[in-house]
Amino acid sequence: MDETAVDRLLPAYLGRQRWFSGPPPESATVAAREQLDDGLEWLLVDAAGGRYQVVVGRRPAHAIPEFLHGQDAAVLGVVGDDVAFDATLDPEYARVILSKVAPGEEGNLVRPMGAEQSNTSLVFDDRIVLKLFRRLHAGANPDVEVTVGLAAQGFTSVAQPLGVWRRDGVDLAVVARYLAGGAEGWALALTSLRDLYAGASDDPAAAGGDFAAEARRLGEVTAGMHLALAAAFGASPGDPAAWAALVETQMARLEEGDVDAVKSKEFVERLRSVASPGPAVRVHGDYHLGQVMRTDTGWFVLDFEGEPARPLAERQLPSSPLKDVGGMIRSFQYAAAVALFERDAGEHETLRPRADAWERRNRGAFLGGYYGTAGIDDVLPAAGADRDAVLAAFELDKAVYEVLYERAHRPDWVEIPLGAVRRLLDAR
């Protein structure tokens with residue numbers, strides 16, 4: 001393969017990828033490369049302060065393969081007599097990569113799972129899924145580390161890992177069982193809300209798509225996940241001062257005038273004064289309805305990489321399990337608001353009581369399932385004021401993260417999380 005020609009094409013190619021962080025880089029340096037097969041090359045590329053994994057395939061330029069049609073962003077360019085492209089689009093090369101990650105596993109029908117922010121996932125025969133990490137960090141990838149740890153503890157609500165591709169201590173890819181026929185929690189929640197908004201009653205329990213039973217079961221699975229995480233990775237004393245510092249840092253990222261500074265300071269001080277914070281354990285870190293899937297056999301938890309906008313070291317820090325609980329509670333409020341946005345603006349005030357009722361009902365059901373799980377109190381703050389303060393802090397932390405995300409990507413939605421931030425501060 002003409003290495004120099006391929007390398008020259010990398011900056012423009014990287015700049016077109018959703019998983020690349022930032023604007024197109026001015027340059028890119030290949031730190032390592034390996035020929036995986038004839039016409040298939042694996043690259044480690046340094047660009048704009050990050051390290052990325054790229055797999056490059058080549059086919060004759062005079063016979064462009066059908067799978068490249070409409071995939072302009074994935075084409076690097078013409079190199080000699082060949083066209084160079086993202087090899088994950090090529091079923092034949094995808095099978096070669098699969099054999100590298102999980103020797104012995106095979107798959108005939110290959111399809112992508114869709115654009116993802118930090119990885120590329122391929123499904124083989126609707127049976128197994130290959131996740132190729134794109135932006136790489138030193139050390140273990142949290143998604144691999146936590147999934148393997150949970151499976152080793154016998155936690156069955158996670159896709160069983162079948163193979164890991166690791167090089168020089170860096171996780172490059174993982175293969176796991178594919179959850180065929182599953183439905184994402186976010187989609188199920190929106191379906192429930194659409195039923196409620198289109199019906200005649202304000203009572204979510206009376207709507208055809210009541211979600212409360214699923215929310216309760218999800219709470220039970222979440223508690224089981226936290227107990228398994230504590231068993232797999234251990235626990236350390238919770239540190240409310242450190243949590244308060246994180247919340248304070250997060251609040252400082254808001255714009256002037258977003259919140260009342262006095263209320264913000266009082267909130268942080270209340271968190272700092274928590275006397276019985278409970279332990280800190282490994283947590284999911286980016287827990288919401290889009291990270292859980294309902295199959296015929298129950299709920300499964302997905303994607304343990306944590307919030308991509310936070311530094312890796314921060315994502316790996318042990319924390320209170322209430323960080324995940326707060327994230328899921330925020331997701332209930334978000335789903336209710338997003339489903340409301342789908343309706344005509346003239347209906348919003350009429351339907352808002354239904355949105356609030358749906359959120360209260362499913363928040364209560366989720367917490368009922370979670371707090372009702374045997375043994376969960378062992379990894380939580382003392383029940384009462386301290387538990388409420390820690391949960392509110394992590395709800396606030398997540399809501400501020402959402403404000404920053406919406407402001408950068410969907411400014412029309414920023415009032416959803418900003419309103420939540422203000423309500424949480426007003427409630428203190």
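## Helix 5 and the sheet

Contact here denotes heavy atoms within 4.5 Å. In this predicted model, helix 5, spanning residues 212-233, lies across strand 15 and strand 16. Relative to strand 16, helix 5 runs at about 45°.

## Arrangement of the strands

The sheet is open and consists of three strands in the order 12-15-16, with antiparallel pairing. Strand 12 (183-184) and strand 16 (298-301) each have a single partner strand and stand at the edges, so one side of each is left without a neighbour in the sheet.

Two bridges join strand 12 to strand 15 (residues 292-295) in the antiparallel sense. Ala183 stands opposite Arg294 of strand 15.

## Packing of helix 9 and helix 10

Two packed helices are described by the angle and the distance between their axes. For helix 9 (residues 322-341) and helix 10 (residues 348-371), the axes come within 9 Å and cross at roughly 155°. Angles over 145 degrees count as roughly antiparallel, and helix 9 and helix 10 are therefore roughly antiparallel to each other. The crossing of helix 9 past helix 10 is right-handed.

Helix 9 contributes Leu322, Val325, Met328, Ile329, Phe332, Gln333, Ala335, Ala336, Leu340 and Phe341 to the contact. From helix 10, the contact is made by His348, Leu351, Arg352, Ala355, Trp358, Glu359, Asn362, Arg363, Phe366, Leu367, Tyr370 and Tyr371. By class, the residues of this contact between helix 9 and helix 10 comprise 16 nonpolar, three polar and three charged.

Technical notes:
Residues numbered from 1 in each chain as written. Predicted model: local features only at pLDDT ≥ 70, side-chain atom pairs only at ≥ 80, totals over all residues. Heavy atoms only, no water. Pairing = 2+ DSSP bridges. Helix = DSSP H or I, 4+ residues; strand = E, 2+ residues; numbered from the N terminus. Axes fitted to C-alpha atoms, helices over the stretch in contact; angles between N-to-C directions. Parallel < 35°, antiparallel > 145°, perpendicular 65-115°, else oblique. Left-handed = near helix turned anticlockwise from the far one by under 90°. Nonpolar A, V, L, I, M, F, W, Y, C, P; charged D, E, K, R; others polar.
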